[in-house]
Amino acid sequence: MDDHRESRLNQSPAPLMEWHELQQKKITRMESKQYLALGAVKNISLNVTISNAGDDAYDTNVFFNFSRELYFIKVWQKEEKGISCELLELDFLKCSVGFPFMRSQSKYHMGVIFDTSHLSGEEESLTFLVTSQSANPEHDDTLPDNNLHLHMPLIHEVDTTITGMISPSSFEYGDSVDTSRFVQLEDMECLFQPLNYTFQVINTGPSSLPGSTVHILIPNRLSSTGVEMFLILDIMVGQDGGNCSYHKNPTPCTIPQEKENIFHTIFAFFTKSGREVLDCDRPGRPCQIITCKLSSMAKEETRSIDLRMLLNTEILKKDSSSVIQFVTRAKVAADRNFRVVEVSNGLSEDTTVVFEALHNQEPRGYVVGWIIAISLLVGILIFLLLAVLLWKMGFFRRRYKEIIEAEKNRKDSDESWDWLQKSQ
């Protein structure tokens, strides 16, 4: 008797009959993908068609070997044709087809449904080995189609996003600002402004995120040749779920030494205006780069990165801007070494944090005295200049003597006239 059997495997995540419509739509979208997104699908169905092209086959069985991380649920039959299954081991299933005989030229359709909710993702793919056999002898040339291997890649499908904030968002600096607002380290003359960054990395799923990298860029120089302004005190990753690396500032307290006289100081005060923007996104801008490697994150998990640092305000005082704006940028990226696919649901993978340093626009005490003294001197010089101009214009050259004599002669003439009238 010529017994010929053909097994065909069709792997596609399929919903159970009792699943809700929303879950069914979710699975329908997954069918077009060539992988299984961990955590996105609860159940999969291994659909098999067994056909007998020869004579009746006695005691036909189909055996399924599968991953131990899969849990067998049940067997679904398109038509009730006498298929019965028994789970011999956690990863081994035996199904009897058409007992006692599988009729000639017959086909059986069945779907083996597994629970995938416990997949860890440690294995690169799901592996299925399906074997069919019967008690009848079979020619060697028809044996190869009795075995079928199927592999389904397991992928972490994630959607990562990052948010950030800073405290304080602005502060004042200057020589007249109360020093109690700042921090002064031991054996250092510099006044530092404390700053606290908080970044949050969120994995919105649907899969777990096995690993990710966060890059934080902070502008740390006023110019390409300037000195570093920041001193990083501490970086903490929530739940001890990662570690960060960065360049340490070897000279945190640097006070720029410039040969300035009082006139240069006064001129700098009056010309201190405008806004300067320090942004790492601009080419040529020197920045402090902090790289954080994060460990695995579950779906919907949030991981925080807290950064404490100090800003050297002595360097800011030498700048000619009244407002200095610092633009810090952070970006999260999934580690591609862990079979990760990034899907976009409108969430941004980078964030921008801005804070401002405001000069209080108040000069030093001795500068005020010099401004008053110079103002008085300029006022006196202007008064003398006006006096000289009036003198040159003849304002002070009137003929007072002639005027006085003319007035006296007029009075004498009036008195003589009065005397003549009286004599007559």
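Me: What relative accessible area does Cys287 have?
Reply: Buried means under 20% relative accessible area and exposed means over 50%, with partly exposed in between (1.4 Å probe, protein chains only). Cys287 counts as partly exposed because its relative accessible area is 22%.

Me: What pLDDT do side-chain atom pairs need in order to count?
Reply: Residues are numbered from 1 along each chain as its sequence is written, and side-chain values use heavy atoms, with hydrogens and water left out. The model is predicted: totals for chains, interfaces and linings use all residues, local features need pLDDT of at least 70, and side-chain atom pairs count only at pLDDT 80 or more.

Me: Back to that cysteine: which residue does a disulfide join to Cys287?
Reply: Two cysteine sulfur atoms within 2.5 Å make a disulfide. For Cys287 the S to S distance is 2.0 Å, and the partner is Cys280.

Me: Is the link of Cys280 and Cys287 left-handed or right-handed?
Reply: Cys280 is buried at 12% relative accessibility. Look at the turn about the S-S bond: with -120 degrees, the link of Cys280 and Cys287 is left-handed.

Me: How many residues apart in sequence are the parts that Cys190 and Cys253 tie together?
Reply: Strands (E, at least two residues) and helices (H or I, at least four) are DSSP runs numbered from the N terminus. These two cysteines are joined at an S to S distance of 2.1 Å. Cys190 sits in the loop between strand 12 (170-173) and strand 13 (192-203) and Cys253 in the loop between strand 16 (242-245) and helix 2 (262-271), so the separation is 63 residues.

Me: Which of Cys190 and Cys253 is buried?
Reply: Cys253 is partly exposed, with 27% relative accessibility. At 0% relative accessibility, the buried one is Cys190.

Me: In which strand does Cys95 lie?
Reply: Cys95 forms a disulfide with Cys85, and their sulfur atoms are 2.0 Å apart. The torsion about that S-S bond is about 110 degrees, so the disulfide of Cys85 and Cys95 is right-handed. Cys85 is in strand 6 (residues 83-89), while Cys95, ten residues away, is in strand 7 (residues 92-102).

Me: What is the pairing of the bonded cysteines in sequence order?
Reply: There are four disulfides to place. Number the bonded cysteines of the chain in sequence order, and the pairing reads 1-2, 3-5, 4-8, 6-7.

Me: Which strand gives the most to the largest nonpolar core?
Reply: A nonpolar core is a set of buried Ala, Val, Leu, Ile, Met, Phe, Trp, Tyr and Cys residues joined through side-chain atoms within 4.5 Å. The largest one has 42 residues, and Leu316 and Phe326 touch the most other members. With five residues, the top contributor to this core is strand 20 (residues 323-334).

Me: How many residues are in the other core, the one with Leu36 and Val112?
Reply: First, a look around Phe326: leaving aside neighbours within four places in sequence, its contacts (heavy atoms within 4.5 Å) include Leu278, Leu311, Leu316 and Val353. Apart from the largest core lies another, with Val130 and Leu150 also among its members, and its residue count is 32.

Me: Which strands are the edges of the open sheet with order 11-13-19-15?
Reply: Strands pair if DSSP finds at least two bridges between them. This open sheet has four strands and antiparallel pairing. Pairing on one side only marks out strand 11 (160-167) and strand 15 (230-237).

Me: What is the bridge partner of Ile232 in strand 19?
Reply: Strand 15 runs antiparallel to strand 19 (residues 302-312), and seven bridges join them. In strand 19, Ile232 is partnered by Met309.

Me: Which residue in strand 10 stands opposite Val130?
Reply: Strand 9 (residues 125-133) also pairs with strand 4 (residues 57-65), antiparallel over five bridges. Strand 10 (residues 147-158) runs antiparallel to strand 9, with seven bridges between them. Opposite Val130 stands Leu148.

Me: How far apart are the ring centres of Phe63 and Phe92?
Reply: Rings of Phe, Tyr and Trp (its six-membered ring) pair if their centres lie within 6.5 Å; planes under 30 degrees apart count as stacked, over 60 as edge-to-face and the rest as tilted. The structure holds eight aromatic pairs. Phe63 and Phe92 are stacked because their planes are at 15 degrees, and the distance between their ring centres is 5.8 Å.

Me: At what angle are the ring planes of Phe326 and Phe355?
Reply: Phe326 is buried, with a relative accessible area of 0%. The ring centres of Phe326 and Phe355 are 4.7 Å apart, and the pair is stacked because the planes are at 5 degrees.
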